[in-house]
Amino acid sequence: MAELNDQMLDRDYAEKYLIGSWLYGENREHIKLFTENDFGWYNALFKEMKRGKTQKDNLELADLTGISVTEIMTLAQMYVDTIDRFNYFKAYAKRIIIDNMQGAVLDGISITATLDIHLDKIRIIDEAEVVTIEDSTGWFMKYLDEIDNRKAQKPLKYDKVIPGLNKKLGGLKRGELTTLSARPGVGKSTLALQTAEAIANEGHKVLYFNLEMTMHQIGDRLTLKHTDILHDHLRNGELTTEEWDKVTVLMDRLGKVTKNIVFKNSNSNIDYYNRIIEEEQPELIIVDQLSHLTANLTTPNIREKYIYMVERLKRIAIKYDVPVLLLAQLNRETTNRTEPTLEGLKESGAIEETSDNVLLLYVNKEEKDIKEEEVALPCIIKIAKNRQGEQGKVHVTFRKDKCNFTEEVWTQPKQHKVY
């Protein structure tokens, strides 16, 4: 071990250790954090590994790089023989990143941008999971403490105008991942924003990754919900003096919303979410939506991407002990069905297996003469999975003109103009 501590000071050894790790097939999700310029003698070997080559392809690697098969195998074995090798990998990886950060600053590259990029890389390395042996003694006493603590913690409730969700789900629970899925245009973003607003009004902080909407669109939805201003007036910016007064009054009414909801509309990379969460300390996290998320890890197909994203969000819920609400799309094939099922989730295996709760939002096609362009749509929120309770359905009305859901039945007026 002392010998390895001495080698920690050796940049060349650090490069060999990372190469050996990736040759062996471990820690490959971190390859994307590095470039060919980070490696000296082994930069050609690194380039091929970034294309997916591992020790299994050592003959091909030898032909492509000019490095002997024996040396390739030695690099991998050096990594395998190290006790506590993953922690050493993290240390060597950070050593290279810090060296590059110092070099970039000395070369006169923008200090602020350089520090942010390299510190993000270091954070990703630090947050990588290490397999550890946990002390399980006394776990039942801790469980009893947890039960006692629950009395002082009020669950986060969905909007009071949708009491059925709170009755069946008990609200949004700490450490749980809830997935809300629907086809486009049925109102999943509206329901998520309505949930965020209700919880923020109760004094709780919400971190909202709004990857689907701009802040102006969110402003429009809140204005339509709380005033009688017409949609086309907002869209064209042609507000009357009276309507401007209503917007001014609304700004005061939404004080808790603007204070307690932190919107992030340019943070799609899930590998940086831990840093944002630690800075914001939210009580609820909303991600709108799954298909817009990105990561440093390159995946071979959409299914592997969804598996990675959903599992990361579940780990976030557990690590920070907060509820996470994830929005996702239903497959197009569900459009013609009367009632969607879990099989209608895009890459359903990844989502339904990892989520604690799955809500399927869809138009109630049992109602006669329903048209998608109507101002109000009778919808159903189907609780398709509830790990801690009952399943079932909640009948709601989606007021498209008011950007709001309610359990009250709203009758479509005759000859109503649609905006």
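A residue is called buried when its relative accessible area is under 20%. By that yardstick, 47% of the 419 residues in this protein are buried. The model is a predicted one. Its fold is made of 17 helices and nine strands, and about 22,200 Å² of the protein is exposed, with carbon and sulfur atoms supplying 50% of that area. Taking contacts between residues at least 6 apart in sequence, 68% link residues at least 24 apart.

The strands come together in one open sheet. Its nine strands follow the order 3-2-4-5-1-6-7-8-9, with mixed pairing. Strand 3 (261–263) and strand 9 (404–406) are the edge strands, each pairing on one side only. From one strand to the next, the twist averages 25 degrees. Helix 15 (residues 273–280) packs on the sheet, where it touches strand 2 (206–210), strand 3 and strand 4 (284–288). The direction of helix 15 makes about 145 degrees with that of strand 2.

Strand 1 (residues 177–182) is a good place to look inside the sheet. It is mostly covered, with six of its six residues buried. In a regular strand, side chains alternate between the two faces of the sheet. Here, Leu177, Thr179 and Ser181 point one way, while Thr178, Leu180 and Ala182 point the other way, and all are buried. Strand 1 pairs with strand 5 (residues 324–329) in the parallel sense, over six bridges. Strand 1 also runs parallel to strand 6, and five bridges join the two. Thr179 shows both pairings: it stands opposite Leu326 in strand 5 and opposite Val358 in strand 6.

A further step along the sheet brings in an antiparallel pair. Strand 6 (residues 357–363) and strand 7 (residues 376–386) run antiparallel and are joined by seven bridges. One partnership here is that of Tyr362 with Ile380 in strand 7.

Helix packing can be described too. Two packed helices are characterised by the angle between their axes and the distance between those axes. For helix 2 (residues 11–24) and helix 5 (residues 69–80), the angle is about 95 degrees and the axes are 7 Å apart. Angles of 65 to 115 degrees count as roughly perpendicular, so helix 2 and helix 5 are roughly perpendicular to each other. On the helix 2 side, the contact involves residues including Tyr13, Tyr17, Leu23 and Tyr24. Helix 5 contributes Ile72, Leu75 and Met78, among others.

A few spots in the backbone stand out. Most residues other than glycine have a negative phi, and most peptide bonds are trans. Asn27, in the loop between helix 2 and helix 3 (43–50), has a positive phi of about 60 degrees although it is not a glycine. With a relative accessibility of 10%, Asn27 counts as buried. Cys403 also has a positive phi, of about 50 degrees, and lies in the loop between strand 8 (392–399) and strand 9. A cis peptide bond joins Asp288 and Gln289, with omega at about 10 degrees. Gln289 sits in the loop between strand 4 and helix 16 (302–320).

Lastly, the cysteines. The structure holds zero disulfides. Cys379 is buried, at 1% relative accessible area, and Cys403 is buried as well, at 13%.

Note on methods:
Residues are numbered from 1 along each chain as its sequence is written. This is a predicted model: local features need pLDDT of at least 70, side-chain atom pairs count only at pLDDT 80 or more; totals for chains, interfaces and linings use all residues. Side-chain values use heavy atoms; hydrogens and water are left out. Two strands pair if DSSP finds at least two bridges between them. Helices (H or I, at least four residues) and strands (E, at least two) are DSSP runs, numbered from the N terminus. Axes are lines fitted to C-alpha atoms, for helices over the stretch in contact, and angles run from 0 to 180 degrees between N-to-C directions. Contact means heavy atoms within 4.5 Å. A disulfide is a pair of cysteine sulfur atoms within 2.5 Å. Buried means under 20% relative accessible area, exposed over 50%, partly exposed in between (1.4 Å probe, protein chains only). Accessible areas come from the Shrake-Rupley method with a 1.4 Å probe; for residues, only the protein chains shown count as cover. Angles under 35 degrees count as roughly parallel, over 145 as roughly antiparallel, 65 to 115 as roughly perpendicular and the rest as oblique.
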